[in-house]
Amino acid sequence: MALSASRPVGAALALACAVGPALALAAPAAAEPLTVPVHCVIPLDQPAVDGPQQISLDGPTDPIRPGEKARIKVTLGGSPATSPLPFPGTPLTPSIQLVLSGGASGEPTLQGPKMRVDIPGTPALIVVPPYEGEITVPLDAKGDIRIAPGKMVTTTAIFGDQITTCFPTAPAPPAMTLRVDLQGAAPDGPSGAPGDPTAGAPPASAQAPAQTPPGGTQDPTASAARSPDAMVESRGGDDGEISGGAIVWIVAGGLILLMAASTMVFSWRRHKDDEW
């Protein structure tokens, strides 16, 4: 009995061992928050302050192709920059500069949305709510891109627009890695595989018409396939000549006009004779 009872337990353990690593690979790894020493310049003639700033960056887990946009979430801890007075419901717009390294270089700015924040007074810390924004993966990216936080700018609407700038006192380490799909890049040509000589070429039906072989006869099926307009053009000539049918209609019209004129003259003369 003990042996038979151990079989389900062993099967469950084996299943857990097999599924556990797969789940670990499928689940996206949560970005560890960084604690970065920053120097903050505060508006309204307040003195600058130094202190730690906690920063987390989270991006897509699937690879992104060069030229496409990647959406990144920014989560910040309490800022060393404080306010001497509380300002509830203050309009606030955050942004952060991202420092790229590895497969690409650059310092794009991720702009957050405008939001309303309850700003507490000193000594409470100001916490900007998490926000998201997009950056474009450089077209010349050569591999996965490491992203580190850079300068942070916060605009608050207090007695006008007040700008608080905090920047790391030393280069911050990467907070996340953006995977880049180099195999999925769009081909250079308009369609088909790169270097395909037939890519973008017109269909065979739109190319030059078939030529009559020298000394031979034209294929009767080619004549049958010609449109009625083309047959009319061949009958009428290409140099503006009048066809025989048109000449017949012109002569008939002239005769009709001549007969009508003769009839009118005859009727007029007969009327004059009757008056005399």
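**Entry 1: the disulfide**

I started with the link between Cys 40 and Cys 166, which is right-handed, with 115° about the S-S bond. This is a predicted model, so I keep in mind that every value here is computed from it. The sulfur atoms of Cys 40 and Cys 166 sit 2.0 Å apart. I looked for others, but the structure holds one disulfide. A reminder to myself: a disulfide is a covalent bond between the sulfur atoms of two cysteines.

Which parts of the chain does the pair link? Cys 40 is in strand E1, residues 34-41, and Cys 166 is in strand E9, residues 161-168. The two cysteines are 126 residues apart, so I noted them as a link between distant parts of the chain.

**Entry 2: around Cys 40**

Is Cys 40 buried or exposed? I found a relative accessibility of 0% for Cys 40, and because buried means under 20%, Cys 40 counts as buried. Cys 166 is buried as well.

Next I listed what Cys 40 touches, leaving out residues up to four places away in sequence. I wrote down Ala 48, Val 49, Asp 50, Pro 80, Ala 81, Thr 165 and its disulfide partner, Cys 166. I then picked out Ala 81: it is 41 residues from Cys 40 in sequence, yet their C-alpha atoms are 6.3 Å apart in space.

**Entry 3: the nonpolar core**

How many residues does the largest nonpolar core have? I noted 35, and the residues with the most contacts inside it are Leu 57, Ile 145 and Ile 147. I then checked which strands supply at least two residues each to this core. They are E1, E2 (49-58), E3, E4, E6 (115-119), E7, E8 (145-157) and E10 (176-178). This fits something I had learned: in soluble globular proteins, nonpolar side chains tend to be buried together.

**Entry 4: a look at Gln 97**

I moved on to Gln 97, which lies in strand E4, residues 87-102. With a relative accessible area of 19%, Gln 97 is buried, because the cut-off is under 20%. Beyond residues up to four places away in sequence, Gln 97 touches Glu 107, Pro 108 and Thr 109, and also Ala 148, Pro 149, Gly 150 and Lys 151.

**Entry 5: salt bridges**

Side chains of opposite charge can pair when their charged atoms come close. I went looking for such pairs and the count came to three salt bridges.

One joins the side chains of Arg 65 and Glu 68, at 3.0 Å from N to O. Arg 65 is partly exposed at 35% relative accessibility, and Glu 68 is partly exposed at 31%.

Another pairs Glu 132 with Arg 71, with the closest N and O atoms 2.9 Å apart. Because Glu 132 lies in strand E7 (residues 131-136) and Arg 71 in strand E3 (residues 69-76), this pair ties together parts that are 61 residues apart in sequence. I have both down as partly exposed: Glu 132 has a relative accessible area of 35%, and Arg 71 has 44%.

Arg 71 also forms a salt bridge with Glu 134, the closest N and O atoms being 3.6 Å apart. Here too strands E3 and E7 are involved, so the pair ties together parts 63 residues apart in sequence. Glu 134 is partly exposed, at 43% relative accessibility.

Which residues do the shared partners join into one network? My last note reads Arg 71, Glu 132 and Glu 134.

Note on methods:
Residues are numbered from 1 along each chain as its sequence is written. This is a predicted model: local features need pLDDT of at least 70, side-chain atom pairs count only at pLDDT 80 or more; totals for chains, interfaces and linings use all residues. Side-chain values use heavy atoms; hydrogens and water are left out. A salt bridge is a side-chain nitrogen of Lys or Arg within 4 Å of a carboxyl oxygen of Asp or Glu. Buried means under 20% relative accessible area, exposed over 50%, partly exposed in between (1.4 Å probe, protein chains only). Helices (H or I, at least four residues) and strands (E, at least two) are DSSP runs, numbered from the N terminus. Contact means heavy atoms within 4.5 Å. A disulfide is a pair of cysteine sulfur atoms within 2.5 Å. A nonpolar core is a set of buried Ala, Val, Leu, Ile, Met, Phe, Trp, Tyr and Cys residues joined through side-chain atoms within 4.5 Å.
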